[in-house]
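This briefing introduces selected features of one protein model to a first-year student. Please keep the structure in view while reading.

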Amino acid sequence: MLSRFIATDPQTFATEYWGRRPLLSPSAALPRDFGDLLSPDTVDELIAERGVRAPFIRLANEGDVLAKDCYLGPAGFGAEMGDQVDSAKVLAQFAAGATIVLQGLHRLWPPVIDFVRQAVDELGHPVQANAYITPPTSRGFDPHYDVHDVFVLQASGQKRWIVHEPVHVHPLPSQPWTQHRAAIANRVTDDPVIDTVLSEGDALYLPRGWIHSAQALETTSIHLTVGVSPLTAVDVARTVIDELGTSAAFRESLPMGADPTDRDEIIAAVSKVMAEMVETLRDDASTLSAGAASRLVRRHADRTRPVAIRPLASLLAGERADTTRVRWRHGLVATIDHSGGRVVLRLPDKVLTLPMSCADAVAALHHGRVADADSLPGLDHADGTVLIRRLLREAVVVPVN
């Protein structure tokens, strides 16, 4: 996946560009296009025929986000939800210069769903995908930075991109560009780091914090922005702090009578707590690390999604569990423990307990084996059938055609 839109090898990208500096990848260096992910026909189909609703669509013009009633409305008898896209309104705004933003395409459009799933696998961080459709000579947004990394994939038309160095390096989600408007306005008066026109098949990587703006040229521009929300050291530190909350000592109230306006007194209290934290982190490092790691696994599971389940197909496969081949649901995060003579399967939204005799079979599926009732290790055909039926019903495995 990554090799589709970077003009270098993944290892070089990881060590020299990821989170550090932009990378322009022209299609001339790596011949390709992105028409399988997004095209003018795709955009028209999504707007006209797929029942898109807010917030999966928004419109912007020259830096201003338009009011929703400019492009939304009810869809008539049987679909009286007032937040559905009104294609005629969209046409009017687009013709007047508004940029269409189709948000969350990784939840709407099958090719992008699969593409983003692969991106999560390769990058190891949560990924999303938005599309920006800008009419000729128009600009959707003012110079700004994002609080996540982005890969810009030019799918159709051309767009001029101007990129400047950050005014706030590695911004966190709580540190949006609007906190630095004046600094950004001053920075864009400097010479840009990149001033280029992206044509079909070109790609651009921008780490979070890099200031950018873009304008369509003489034709409609369509590009896909693949956003990556990286795990940071601050995220890990916060998780460790949360884990300290399991200790009664750190949940205790501080002494009464402190003057919250006395800076020296507050510094003394902070220093005391920090010293206790350092001591605990040193003495209980193994336990805290294990707890924090479990929290980070759950965090990743909450921010990504496994492949979708086809309910009817899964139920039908369960009825044929004695002959159905299955595999682990791609992207489903789980931990497996053994407790009280049972296999404990911890999933993001529930906990399953299974007989210990299923331990080898569950482990094999978790590690990617495709199996049927006759090939699950440690189980005979009858017990393998029961396990497969249970895991299909619980959306842990999916049938393999």
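In which sense do S6 and S7 pair, and over how many bridges? S6 and S7 pair in the antiparallel sense, over three bridges. The model is a predicted one, in which local features need pLDDT of at least 70 and side-chain atom pairs count only at pLDDT 80 or more, while totals for chains, interfaces and linings use all residues. Residues are numbered from 1 along each chain as its sequence is written, and side-chain values use heavy atoms, with hydrogens and water left out. Helices (H or I, at least four residues) and strands (E, at least two) are DSSP runs, numbered from the N terminus.

**Strand S6 and its partners**

- Two strands are said to pair if DSSP finds at least two bridges between them.
- Between S6 and S7, the bridge partner of Leu102 is Ala131 in S7.
- Strand S2 (residues 57–61) is joined to S6 by four bridges, and the two run antiparallel.
- Ala60 stands opposite Thr99 in S6.
- Both faces of S6 are covered: Thr99 and Val101 are buried on one side, and Ile100 and Leu102 are buried on the other. Here, buried means under 20% relative accessible area, exposed means over 50%, and partly exposed lies in between (1.4 Å probe, protein chains only).
- In a regular strand the side chains alternate between the two faces of the sheet.

**Helix H2**

- Helix H2 (residues 40–49) has the buried residues Thr42, Val43, Leu46 and Ile47.
- These buried residues are on the same side of H2 because they cover an arc of only 120 degrees around the axis. The arc is that of the directions from the helix axis to the C-beta atoms.
- An α-helix has 3.6 residues a turn, so residues three or four places apart point the same way.
- Asp41, Asp44, Ala48 and Glu49 are exposed on the other side of H2.
- The elements against which the buried residues of H2 pack include helix H3 (87–95), strand S6 (99–102) and strand S7 (127–134). Contact means heavy atoms within 4.5 Å.
- Gly51, just after H2, takes a positive phi of about 60 degrees.

**Leu37, in the loop before H2**

- Leu37 lies in the loop between strand S1 (23–25) and H2.
- Leu37 counts as buried because its relative accessibility is 2%.
- Not counting residues up to four places away in sequence, Leu37 touches Arg4, Trp109, Pro111, Val112, Phe115, Leu153 and Leu224.

**Helix H10**

- In helix H10 (residues 311–319), the residues Ser314, Ala317 and Gly318 are buried.
- Seen down the axis of H10, its buried residues fall within an arc of 105 degrees, so they line one face of the helix.
- Leu312 and Glu319 are exposed on the face of H10 turned away from its buried side.
- Helix H12 (381–393) and strand S18 (397–399) are among the elements that cover the buried residues of H10.

**The sheet S15-S16-S17**

- Three strands form an open sheet in the order S15-S16-S17, with antiparallel pairing.
- Strand S15 (335–339) and strand S17 (351–355) are the edge strands, each pairing on one side only.
- S15 and strand S16 (residues 342–346) pair in the antiparallel sense over five bridges, and the bridge partner of Thr335 is Arg346 in S16.
- Helix H11 (residues 359–366) lies across S15, S16 and S17, running at about 170 degrees to S15. Axes are lines fitted to C-alpha atoms, for helices over the stretch in contact, and angles run from 0 to 180 degrees between N-to-C directions.
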